Amino acid sequence: MTALLYALGVVTFVVAILLSIGLHEFGHLIPAKKFGCKVPQWFIGFGPTVWSKQIGETEYGVKAIPLGGYVKIVGMLPPGAEGLVEETTYDEDGEAVHKVRRSNTGMFTQLISDARAAEWEYVKQHETDRLFYRLAWWKKVVVMAGGPLVNIAIAFGLFVVLFATYGNPRDEVVEPTVAAVPECVIPVAEQRTTCTADDPVSPAKKAGIEPGDEIVSFNGTPYTTWQALQSQIRANADGDAVIEVRRDGRLLSLETNTTVALRRTSLEDETLTKVGFLGVQPASHLATGGPLYTAEQMGTMTVETLQALVHLPVKVYDVGRAIVGLQERDPEGPVSIVGGGRFAGEAAASQDFPITDKLVTLLFLVASFNFFIGMFNFVPLLPLDGGHIAGALYEGLKRGFARLRGRPDPGHVDVAKLLPVAYVVGLAMLVMGVVLIVADLVVPL
């Protein structure tokens, strides 16, 4: 049964991500068709075709390697000067089909020339007005931004539902109410929860603090946040402590002495430090909210994701070192879709998770992956969507400045000249993807 649940979790996650990828491609396809572009292909996956169906002029299908997807929009690259056409033939409809001369003046020039030729071979004489590069710059932005915006919209929709019903695991609200009072002070190095005769009684227990008490002040300082109270207690060392609490509507002033104990510096820093210790555990709950709260949280996620993208090559390098045993893998480091599937499978198979928590975990994983996919595709480098968006914005600026200065229209921006960058970035993405997949198989989190 556990293996079946694990497999179900993995399959559900993978299918959800593939559906998200398909919707991403529809985010490009729909506005492209709306603006009159020719879109001959829409596919999930790469490699050999598993299934496809022709609807109108577009072939929709699924390929064998489920690691992405694509939509073919004709005319992404300007085909070059008419002088590059070395042969014209005619298809069964009598339409002219042009063969573009391929350059052999250098490796990168050859790559650019071959890419132009591949674009030109899709073009028929009556379709020259349907080429993507001929669109107004803002239409290009709409078409290319449509894909990643769909992923972000999926993430937003899932987060809204989760934050409004279950709560946000990233935003825990700590209340002034005492949830528990330990009977004794147990050394942090000892992995136990039961007291022994040698353990000193906790200061909170001595003071008579009880679960359900609402902390009002500590040594005369009113309670504001749990973090502030914790800082006061830690700074108090083994000094006198007067804790004012509200119990059953009555204010009580309780006295004790905090004691000094070794505790972690913070949740992020496991270094042990001698600090004042009282011995109260606060009640807490997950913060909830609707669309505005979700938008605020996703704003924070955006900043964190941008920071993560800046450090992604270094993080992947560290993952590579972990593969060969040179260091431990960072539990907060990047994972591939394989790692995400493993998380989903483990959550589904866990005996400790109720069905609600299993569903919530899966939805959070799908939402988080969609958000990252969307943000990653906005990176302004080819072959990512952001590279085409950057080219379109640059074209808009060039044409706008030319109009302001009364100069001739500079024409379309030739993104084909940036193809060498695209090949380098594409190779880097492939290497990073392989490293993460191997790591998720060899040294999983």
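This is a short chat about the disulfide and the cavities in a predicted model.

Reader: Hi! How many disulfides turn up in the whole structure?
Author: Hello! A search of the whole structure gives one disulfide. Cysteine 184 and cysteine 195 form the pair, with their sulfur atoms 2.0 Å apart.

Reader: Nice. Where in the chain do those two cysteines sit?
Author: Cysteine 184 and cysteine 195 both lie in the loop between β5 (168-180) and α4 (203-207), eleven residues apart.

Reader: And is the disulfide left-handed or right-handed?
Author: The torsion about the S-S bond is about -95 degrees, so the disulfide is left-handed.

Reader: Is cysteine 184 buried or exposed?
Author: Cysteine 184 is buried, at 6% relative accessible area. Its partner cysteine 195 counts as partly exposed, with 38% relative accessibility. Cysteine 37 is buried too, at 1%.

Reader: Switching topic: how many cavities of 30 Å³ or more are there?
Author: There are two of them. The largest cavity holds about 90 Å³ of space, and the second largest about 50 Å³.

Reader: Which helix gives the most to the lining of the largest cavity?
Author: That is helix α10 (residues 385-404), with four residues. The lining of the largest cavity includes Met76, Phe132, Tyr133, Lys140, His388 and Glu395. By class, the lining has seven nonpolar, two polar and two charged residues.

Reader: What about the classes in the lining of the second largest cavity?
Author: There, five residues are charged, two are polar and two are nonpolar. Among the residues lining the second largest cavity are Lys315, Asp318, Glu328, Arg329 and Asp330, along with Val319 and Pro334.

How values were computed
Residues numbered from 1 in each chain as written. Predicted model: local features only at pLDDT ≥ 70, side-chain atom pairs only at ≥ 80, totals over all residues. Heavy atoms only, no water. Disulfide = S-S within 2.5 Å. Buried < 20%, exposed > 50% of the residue type's maximum accessible area, 1.4 Å probe, protein only. 1 Å grid on protein atoms, 1.4 Å probe; cavity = no way out; pocket = protein on both sides within 12 Å on 5 of 7 lines; lining within 4 Å. Points joined across faces, edges and corners; volume = space filled by probe spheres on them. Nonpolar A, V, L, I, M, F, W, Y, C, P; charged D, E, K, R; others polar.
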